[in-house]
Number of protein chains: 2
Amino acid sequence: MGKGVEWALHACLELMWARPDHVGGARLAELRELPAPYLNKQLQALVRSGILTSTSGPRGGFTLARSPEQITFLDVVEAVEGSQGAFTCAEIRQRGPLAAKPEDCQAPCRIAAVMYRAENAWRRELARVTLEDLAADLDRSLPDAAQAVRTWLRR
Amino acid sequence: MGKGVEWALHACLELMWARPDHVGGARLAELRELPAPYLNKQLQALVRSGILTSTSGPRGGFTLARSPEQITFLDVVEAVEGSQGAFTCAEIRQRGPLAAKPEDCQAPCRIAAVMYRAENAWRRELARVTLEDLAADLDRSLPDAAQAVRTWLRR
């Protein structure tokens, strides 16, 4: 998993705090000292997935495309990394001198089935947490962060 | 995640079926038409993690180092891929004009905490399933597979 996931999650949090303002990619990059072109790549992926919208013009920039309780960690992670799981099954059961016949391989290999079940547990956990949950959590642990970020982004 | 995980899991299954015989890496590779040098790299990783043992000599080769109910999917996956999770937190909260102070960052960033929780759910799922569970599952769905593999590996 690339660094883009961490960057995209932070950017979404900061855009949530900035609402209703739109924030340019360069400004978001400056806030966390990130390389702007690469952060921009993640922001574009979030736009393509319908998590952010972007507008041009003097007050343009990025903002959340829907409300924070409708954006889960899984949405953001899959926007950046794709929805394909980490494990890939190359169907090696169908190779070699004892190769299984294709007609006997309608169901996933039992090995792959275990790996997919684990990936689904991972997805379920990420789908349970929304940006709103994250904001509520941070309001408790870092009560001044939201206002500080909002003020700085607006300057 | 590399192809080595699928290969290592299949190899462990086949070594379980072959017991008490030891099987050479080249023979295991031939069974699934895998490139022997690369499969061997995975087998060596499994030896280093204490999942397999290897012996030399005419009847030498690899075998399970402990009983199949004591080898989980997580053991095999971590032997090949390491125990580090997929998500890495670069502590970007400690960067830039609003950087959090190190003393305020004793606990993991709340974003990383969610990602780690999901990875733990993935680990838990893989730790729940042993090679013995896999064998029992396959005995039901492919009752002839174990004997066929055992016979072929012994030839």
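What percentage of the 155 residues in chain A is buried? Here are some notes on that and a few other points; do keep in mind that this is a predicted model.

1. **Burial in chain A.** To take the opening question straight away: buried residues account for 46% of the 155 residues in chain A.

2. **Fold and overall form.** Chain A contains seven helices and two strands. Following the sequence, their order is α-α-α-β-β-α-α-α-α. The radius of gyration of chain A is 20 Å, well over the 15 Å that the globule rule gives for 155 residues, so chain A is more spread out than a compact globule. If you want box dimensions, the C-alpha atoms of chain A fill roughly 70 × 35 × 25 Å along the principal axes.

3. **Contacts along the sequence.** For chain A, take the contacts between residues at least 6 apart in sequence: 67% of these join residues at least 24 apart.

4. **How the two chains are related.** Chain A can be superposed on chain B by a rotation of 180° with 0.0 Å of shift along the axis, and the RMSD is 0.0 Å. This is the relation of a two-fold axis. If you would like a landmark for that axis, look at A:Trp122: of the residues of chain A, its C-alpha comes closest to the rotation axis, at 2.6 Å.

5. **The interface.** Of the interface residues of chain A, 100% are also interface residues in chain B, so the copies meet through the same surface.

6. **Packing of H4(A) on H5(A).** Helix H4 of chain A (residues 73-81) packs against helix H5 of chain A (residues 110-127) at an angle of about 120°, and their axes lie 6 Å apart. That angle makes H4(A) oblique to H5(A). On the H4(A) side, the contact involves A:Phe73, A:Leu74, A:Val77 and A:Glu78, while H5(A) brings in A:Trp122, A:Arg123, A:Leu126 and A:Ala127. Sorted by type, the residues of this contact are six nonpolar, no polar and two charged. You will recognise A:Trp122 here: the residue of chain A that comes closest to the rotation axis is also part of this helix contact.

7. **A glutamate worth a look in chain B.** B:Glu14 sits in helix H1 of chain B (residues 4-18). Is B:Glu14 buried or exposed? With a relative accessible area of 2%, B:Glu14 falls under the 20% cut-off and is therefore buried. Which residues does B:Glu14 contact, leaving aside its neighbours within four places in sequence? They are B:Leu28, B:Leu31, B:Arg32, B:Val149 and B:Leu153.

Conventions
Residues are numbered from 1 along each chain as its sequence is written. Chains are lettered from A and ligands numbered from 1 in the order in which they are written. This is a predicted model: local features need pLDDT of at least 70, side-chain atom pairs count only at pLDDT 80 or more; totals for chains, interfaces and linings use all residues. Side-chain values use heavy atoms; hydrogens and water are left out. Copies are superposed by least squares on the C-alpha atoms of residues with pLDDT of at least 70 in both. Contact means heavy atoms within 4.5 Å. Axes are lines fitted to C-alpha atoms, for helices over the stretch in contact, and angles run from 0 to 180 degrees between N-to-C directions. Helices (H or I, at least four residues) and strands (E, at least two) are DSSP runs, numbered from the N terminus. Angles under 35 degrees count as roughly parallel, over 145 as roughly antiparallel, 65 to 115 as roughly perpendicular and the rest as oblique. Ala, Val, Leu, Ile, Met, Phe, Trp, Tyr, Cys and Pro count as nonpolar, Asp, Glu, Lys and Arg as charged, and the others, Gly among them, as polar. The radius of gyration is taken over C-alpha atoms; the globule rule is 2.2 Å times the number of residues to the power 0.38. Buried means under 20% relative accessible area, exposed over 50%, partly exposed in between (1.4 Å probe, protein chains only).
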